[in-house]
Amino acid sequence: MRVLVVEDERRMAAALRRGLQAEGFAVDLAHDGNEGLHLARVGDYDVVVLDIMLPGMSGYNVCKRLRAEENWVPILMLSAKDGEYDMADGLDLGADDYLTKPFSYVVLVARLRALLRRGGGRRPSVLRAGDLSLDPAARAVTRGDAPVELTPREFALLEYLMRRPGEVVSKPEILEHVWDTYDTDPNVVEVYVGYLRRKIDAPFGRAALQTVRGAGYRLASDGG
């Protein structure tokens with residue numbers, strides 16, 4: 001498995017390379033953000049270990065640019081920052097995991113192996129279906145350039161559907177994931193689907209949110 005380590009502290013980078021090579025990984029090093037971004041773009045890596053505080057370009061911006069280019073290589077961020085907002089920022093930008101320094105090398109290797117098992121499928125930080133977009137971190141929805149105001153429950157329902165574009169999702173599934181229960185009256189799903197249609201479809205002449213009779217609901221992957 002090929003690993004890219006982007007770390008400006010050269011002694012730490014060298015130690016990481018030695019340790020990961022001893023575990024059977026093939027390791028490349030980059031010591032600034034620009035070099036790391038370039039190597040991540042052109043190299044066929046299975047996982048990237050990315051420091052946040054880097055010369056040239058921060059790890060946050062490296063991660064953001066890779067995800068904007070639909071490069072879904074798994075990213076584990078390393079940082080001396082241990083604040084919860086710093087961690088949230090990294091994960092919201094598209095990182096898959098986050099470790100604070102100093103860290104346990106055993107835990108680092110275990111987390112890398114977990115990321116490798118998960119693979120590099122699409123994990124966009126902003127969800128899109130045609131010109132309909134939803135930003136979970138900013139709690140914002142837009143249709144084209146127009147902002148769409150949703151209640152928290154409407155937002156949760158739309159996010160769940162947008163994470164499964166083109167798939168038919170049943171009422172029980174929606175109740176479990178959006179309402180966190182099976183016991184609520186299933187008709188509440190129909191009510192909230194109606195609310196959503198009046199906000200994301202009707203004003204724009206679209207039909208993204210579709211009813212599949214006897215099966216559930218589907219959000220058109222092209223945004224309707």
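Select Glu-23 and Arg-113 in this predicted model; their side chains meet in a salt bridge, with N and O 3.6 Å apart. Glu-23 belongs to the loop between H1 and E2, while Arg-113 sits in helix H5, so the pair ties together parts of the chain that are 90 residues apart in sequence. Colouring by accessibility shows Glu-23 as partly exposed, at a relative accessible area of 38%. Arg-113 is likewise partly exposed, with 34%.

Next, select Lys-101 and Glu-7. Their closest N and O atoms are 2.9 Å apart, and the two residues form a salt bridge. This pair also links distant parts of the chain: Lys-101 is in the loop between E5 and helix H5 (105-118), Glu-7 is in the loop between E1 and H1, and 94 residues separate them. Is each partner buried or exposed? Lys-101 is partly exposed, with a relative accessible area of 22%. Glu-7, at 1% relative accessibility, counts as buried because the limit for that class is under 20%.

Move now to helix H7 (residues 171-179) and helix H8 (residues 187-201), where Lys-171 and Glu-190 respectively are found, 19 residues apart. The side chains of these two residues meet in a salt bridge with an N to O distance of 3.5 Å. Glu-190 is partly exposed, its relative accessible area being 47%. Lys-171 is partly exposed as well, at 22%.

From there, select Asp-131, Arg-143, Asp-201 and Arg-206 together. Salt bridges that share partners join these four residues into one network. Across the model, the count comes to 15 salt bridges.

Switch to a cartoon view and turn to the strands. In which order do the strands of the open sheet stand? Five strands form this sheet, in the order E2-E1-E3-E4-E5, and their pairing is parallel. Strand E2 (26-30) and strand E5 (97-100) stand at the edges; each has a single partner strand, so one side of each is left without a neighbour in the sheet. On average, neighbouring strands are turned by 20° against each other, direction ignored.

Within the sheet, select strand E3 (residues 47-51) and strand E4 (residues 75-79). These two run parallel and are joined by four bridges. To see one facing pair, show Val-48, which stands opposite Ile-75 in E4.

Add the helices that pack on the sheet, beginning with helix H1 (residues 10-22). Helix H1 touches strand E1 (2-6), E2 and E4, and its direction makes about 170° with that of E2. Then add helix H3 (residues 59-68), which also packs on the sheet and touches E3 and E4. The direction of helix H3 makes about 165° with that of E4.

For the final stop, select Asn-71, in the loop between H3 and E4. Which residues does Asn-71 touch, not counting those up to four places away in sequence? They are Ala-40, Arg-41 and Leu-66. Show Val-73 too: its backbone nitrogen lies 3.1 Å from a polar atom of the Asn-71 side chain. Asn-71 has a relative accessibility of 17% and therefore counts as buried, the cut-off being under 20%.

Conventions. Residues are numbered from 1 along each chain as its sequence is written. This is a predicted model: local features need pLDDT of at least 70, side-chain atom pairs count only at pLDDT 80 or more; totals for chains, interfaces and linings use all residues. Side-chain values use heavy atoms; hydrogens and water are left out. Two strands pair if DSSP finds at least two bridges between them. Axes are lines fitted to C-alpha atoms, for helices over the stretch in contact, and angles run from 0 to 180 degrees between N-to-C directions. Contact means heavy atoms within 4.5 Å. Buried means under 20% relative accessible area, exposed over 50%, partly exposed in between (1.4 Å probe, protein chains only). A polar contact is a pair of N or O atoms within 3.5 Å; within protein, one must be able to donate a hydrogen and the other to accept it, and residues adjacent in sequence count only if both atoms are side-chain atoms.
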